[in-house]
Every structure is written in C-alpha cells, then in structure tokens.
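Reader: Hi! I'd like to go through this model with you, pockets and ligand included. Could you pull it up?

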Amino acid sequence: MSTNDILSILERASYFSQLKSRKSYYPKILEGHIIANLFFENSTRTRFSFEVAAKRLGAEVLNFDSESSSLAKGETLYDTLRTFESLGIDVGIIRHSDDHYIESLRDKHEFQVINAGAGKFEHPSQSLLDLFTIQEEFKTLDNLTITICGDVSNSRVAKSNINALNKFKNNRIILSGPPELMPEKADLPTGCEIMELDKALEVSDVVMFLRVQHERHHLFELDTSKYNEEYGLNNTRIKILKKDAIIMHPGPFNREVEISSSLIEHPQSRIFKQMENGVYTRMAILEWLLK
Ligand code: CP
C-alpha cells in the first residue's frame, strides 16, 4: 500500500470512530455482500472485529470453523477455498500459519482476499489499526520514536509495523528484547536499531510490547518472572516511561510476562483502545476494498 492509501484508510477509520454514539448512521455500503472469515489459525480480536466491522456496514458474514469443517475429512485447503468461491463470497478474510500461503492466492480466486495474519510474515490490518491508534494520539505519523519490544523475530505484527512506519518521515524504530528472539544484525530490518529496554523507554513516544509466542519456538526456555524483570513492562520500569508516551500491545497478552497485570489498564495504556480501533480500521479496509 502507498502512504496515501494508508492515510485515506486512517481518515475513514477516524470518520467511522466519530459515529460511535450514532451507530444507526453507519452507511450500509456493504449490503448484499457476503464476507467469509476463513481462519486456519486461532484468533479472537481480528476475526471478531472484522465480523463487527462487516455487519456494521451491512454485509452478511460467514464464520468458517476449521475444526468442524470438511478439512477434518481430508479436504484440501485449495478445495475449501474453491468451495467458498462457488458459494459466491465477495471477500475471504484469511489467517494462515504459513508465511506465504495467503500471498500465493493473489489473483487465483474470484473473491477479494484480506490477509488477517500470515505466519511470522505480515499482519497488515493490525498494523493499520496500530497506526490509527498512534495517529489519534500524536496527530501525526512522522517524527516519532517507537520501541517494539519482545519476540520480534517471530512477530508478524512487528514486521508489518516496521514496514508501515518506515513509509512515514523521520521515525526512529527501536527493537528491544532477549537476544534469542531478536533478528540477527545482518537481518535487521531497514531503519531499525537495537537498544536495551530501559534506555529505549527514556526516549520513546510509543512502546509496543509483543506476545512471547510459545507456540512458534521451542529452543527458548522461558522463565516468565525473569522475562518480566528483564524485558517486560513492570512497576519499576513504568517509572522510566515518558509521561506522554503510550503503551501498546496487539494482544493476546501474557499477563506477568511481557506486561505486568496491573499495567494493562494503566492510564498510558492504549491496549483496549487498539481493539476498539480495530473495528473502525477494518470498516475502512472493507470499504476501501469493495468501493
Ligand atoms: N492481535 C491479534 O491478531 O489478535 P488475535 O490473534 O486474537 O486475532
């Protein structure tokens, strides 16, 4: 997506957010459209916020449950998607554990495909809602210092946010976390630097904590309280944070690991705000795709 595409989606997300107290004003621009949530990997936030977004704009939504589907009888993924195509869906919102499967569907089906999380590769709608949350706070997406902390090497959220933040001007992107979960120096994404967390917090406008993805790595022995002490946001570390900085986390979060329970709803936390903004942003994404 171009920077202008991103900004126009964020502008529409802002418009939808302003209709929050007048839900009947939501334009039913997706009436007659059928949208299928095709999640081959677990989700709560992404799946249901796409569903709420689609329903608010008048679409009908199908929710595919892989465990009770014919995949369990040996049907292939390709045949499953061709089936939904035959049923006449307009959009397939797909999450898959393979990094490149969703990308490989480009131009292969008659329905539009939205990437709702691809392996360790990309999570673009999460990034757009994160940008919306940051822009809402700072009124800009330029000249910011953003620290992304935790399981960076396994995180599709980190990759999409780094790509997106690099499209704006003069952003400083700091990565922080245990060496086992950080990219090798040679693979460090463009525009990123690595810094110890306490130092990074002193200068950050946004600090984005990531979930330790136990299911994606098996070599890293996790001592949760040690992780919280060294790399998590805890009651000692919060004192270093700038007073106008915001705390983010895409969720789901491991309480007491990357963030102490008592800080999840701290006044500087925007974690639940991100979830609310996910609905407005996904309304804007659906509108942009189908308009
Ligand atoms: N942030 C996010 O993708 O959450 P879910 O896995 O619950 O969709």
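Reader: Thanks! Which residues are around the ligand?

Author: Happy to help. Keep in mind that this is a predicted model. The residues around the ligand are S43, T44, R45, T46, R95, H123, Q126, P250 and G251.

Reader: And how does that shell divide into nonpolar, polar and charged residues?

Author: Six residues of the shell are polar, two are charged and one is nonpolar.

Reader: What lies 2.9 Å from an oxygen atom of the ligand?

Author: That is a polar side-chain atom of H123. Another ligand oxygen contact involves T44, where a backbone N or O atom lies 2.8 Å from an oxygen atom of the ligand. For P250, a backbone N or O atom lies 2.9 Å from a nitrogen atom of the ligand.

Reader: Nice. How much of the ligand's accessible area does the protein cover?

Author: The protein covers 92% of it, out of the 250 Å² that the ligand has on its own.

Reader: Which pocket does the ligand sit in?

Author: The ligand sits in the second largest pocket. That pocket holds about 360 Å³ of space. It is lined by 21 residues, and those closest to its centre are R95, R156, R211, G251 and P252. R95 and G251 are also among the residues around the ligand. Two elements, α2 (45–56) and α6, each give two or more residues to this lining.

Reader: What classes of residue line that second largest pocket?

Author: Its lining has ten polar, seven charged and four nonpolar residues.

Reader: Let's switch to the largest pocket. How much space lies in there?

Author: About 890 Å³. Its lining counts 31 residues, with M1, R106, V113, N115 and P124 nearest the centre. The elements giving two or more residues to that lining are α4 (101–104), β4 (112–118), α5 (124–138), α6 (156–165) and α9 (271–290).

Reader: And the classes in the lining of the largest pocket?

Author: There, 16 residues are nonpolar, eight are polar and seven are charged.

Reader: Back to P252 for a second. Is the peptide bond from G251 to P252 cis or trans?

Author: The bond is cis, with omega near -5 degrees. P252 itself lies in the loop between β9 (246–248) and α9. For context, most peptide bonds are trans.

Reader: Good to know! One last thing: what phi does K139 have?

Author: K139 has a positive phi of about 60 degrees, although it is not a glycine. Most residues other than glycine have a negative phi. As for its place in the chain, K139 is found in the loop between α5 and β5 (145–149).

Methods
Residues numbered from 1 in each chain as written. Predicted model: local features only at pLDDT ≥ 70, side-chain atom pairs only at ≥ 80, totals over all residues. Heavy atoms only, no water. 1 Å grid on protein atoms, 1.4 Å probe; cavity = no way out; pocket = protein on both sides within 12 Å on 5 of 7 lines; lining within 4 Å. Points joined across faces, edges and corners; volume = space filled by probe spheres on them. Helix = DSSP H or I, 4+ residues; strand = E, 2+ residues; numbered from the N terminus. Nonpolar A, V, L, I, M, F, W, Y, C, P; charged D, E, K, R; others polar. Near = heavy atom within 4 Å. Polar contact = N/O pair within 3.5 Å; in protein donor to acceptor, adjacent residues only side chain to side chain. Areas by Shrake-Rupley, 256 points an atom, 1.4 Å probe, with all protein chains shown as cover. Sits in = over half its atoms within 2 Å of the grid points.
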